[in-house]
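Colleague: Please give me a close look at one part of this model. I would like the metal site, then what can be said about its wider setting.

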Amino acid sequence: MRALTISAHGGLEQLEVRDNLPVPELRAPTDVRVRVRAAALNHLDLFVLRGLPGVTLLPPWVVGSDASGVVDGVGDAVTNVASGDHVVINPGISDRTCVFCREGEHSLCLRYKILGEHLSGTAAEYVVVPAANVRSIPKSMDASLAAAFPLATLTAWRMVNTRARVQAGERVLIWGIGGGVAIAALQICKHIGAEVWVTSNHEAKLQRARELGADHALNTRADDVPASIRHATGKAGVDVVIDNVGKATWSQSLLALGRRGRLVTCGATSGPIVESDVRRLFWNQWTIMGSTMGNDAEFAAIVDELRSGRLLPPVDSVFPLAEGRRAYERLESGLQFGKVVISLE
Ligand SMILES: [Zn+2]
């Protein structure tokens, strides 16, 4: 089969389309094989390419976490889908046996693995996953749109609904609008009825965010984000900050956060080590929380949103598999608004 692969960590020159990889076989009666129609990239793919501590890749390593496709084979114990069904894939693979899995908290699994990071990825003609990691979608749904959906939306859904528990009328700051998680968080917060601030250093991205319902769009080149928020809220600040930038935004996130505020983070694209003043943390009675991916119930919930059309991810661009390196270039440029997709059709 054909796949986009890397054989060593490094830059984009490591990306190579191979056409002689074996088609993966079912490993368990609960597995399904999916013929991939489209795969989507995440910032995680750049981290995997450059190398992550503790993650060892066996070359040729198939990249990519997100995908949509058609079920091509099912194990004897599979009941939720059948061959021919169109599906989206949840890229978070749990063991389903540990103490957290038994609680239904699959993204806390002690042996949690993500396709493309710890397991062979989705930018390939075929991928084998547990049946619990696929849910069916209408055959008429655009394959690129569906591929763009799972990882970012699942992550944002858990951050906004399960962790921060954003309520109607609350004020939310979302950093870096343009990335998949930030856009999905904006869409989810607006459905809830929150008042949302977004940031970017690209005016075109701020305009797109306004079209998606952002109430306030701040340009980080021109605006002092915490000061603008303090001014607009009569010094109260926001109730919730959604931050996946890390080092570059952390201090400003806390300056923007009001009393009893919640900061939820799922990433650190600008760097992982941050500074916090503990006195402000206790005096303001803040809650700082982490979030990763999502559990089965959250995956089911987001796919219902996708099926009904209530939550549709913006697709920035679609590249054929043969131009996978160009897809990565687009991702690395930071110019995209929404998801960069690799088509396998
Ligand atoms: Zn587990």
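Modeller: I begin at the metal and work outward from there.

This is a predicted model, where local features need pLDDT of at least 70, side-chain atom pairs need 80 or more, and totals for chains, interfaces and linings use all residues. Numbering runs from 1 along each chain as its sequence is written, and side-chain values use heavy atoms, without hydrogens or water.

The metal is a zinc ion, and its protein donors are Asp95 through OD and Cys98, Cys101 and Cys109 through SG. These donors lie 2.1 to 2.3 Å from the zinc ion. (Donors are N, O and S atoms within 2.8 Å of the metal, or 3.2 Å for Na, K and Ca; water is not among the atoms, so sites may look incomplete.) The 4 donor atoms make angles of 93 to 124°, and the site is tetrahedral (all angles between 85 and 135 degrees). Along the chain, the donors follow the spacing D-x2-C-x2-C-x7-C. Two of these donors, Cys101 and Cys109, are buried (under 20% relative accessible area with a 1.4 Å probe, protein chains only; exposed is over 50%, partly exposed in between).

Next comes Arg96. Arg96 forms a salt bridge with Asp296, with the closest N and O atoms 2.9 Å apart (a Lys or Arg side-chain nitrogen within 4 Å of an Asp or Glu carboxyl oxygen). This pair links distant parts of the chain, 200 residues apart. Arg96 sits in the loop between β7 (92–93) and α2 (99–102), while Asp296 belongs to helix α10 (residues 296–308). Arg96 has a relative accessible area of 34%, so it counts as partly exposed. Asp296 is also partly exposed, at 23%.

Other salt bridges deserve a look. The whole structure holds 17 of them. Glu105, Arg158 and Glu298 are linked in one network. Asp215 pairs with Lys190, where the closest N and O atoms are 2.7 Å apart. That contact spans 25 residues of chain, from Lys190 in helix α5 (residues 180–192) to Asp215 in the loop between α6 (203–211) and β13 (216–219). Asp215 is partly exposed, at 38% relative accessible area. Lys190 is partly exposed too, at 25%. Glu16 and Arg18 form another salt bridge, with closest N and O atoms 3.3 Å apart.

Now the strands. In strand β3 (residues 31–40), 9 of the 10 residues are buried, so the strand is largely enclosed by the rest of the structure. Its antiparallel partners include β5 (residues 66–74), joined by 8 bridges (pairing needs at least two DSSP bridges). Strand β9 (residues 126–130) pairs antiparallel with β3 over 5 bridges. Strand β18 (residues 339–343) does likewise over 3 bridges. Ala40 stands opposite Asp66 in β5 and also opposite Val341 in β18. Val32 has Val129 of β9 as its bridge partner. (Strands are DSSP E runs of at least two residues and helices H or I runs of at least four, numbered from the N terminus.)

Finally, two exposed residues. Phe282 lies in helix α9 (residues 278–283) and is exposed, at 51% relative accessible area. Lys235 lies in the loop between α7 (225–232) and β14 (238–243). Lys235 has 67% relative accessibility, so it counts as exposed. Its C-alpha is 9.1 Å from that of Ala256, 21 residues away in sequence.

Note on methods: Four donors count as tetrahedral if all angles lie between 85 and 135 degrees; four count as square planar and six as octahedral if opposite donors are over 155 degrees apart and all others between 65 and 115; anything else is irregular.
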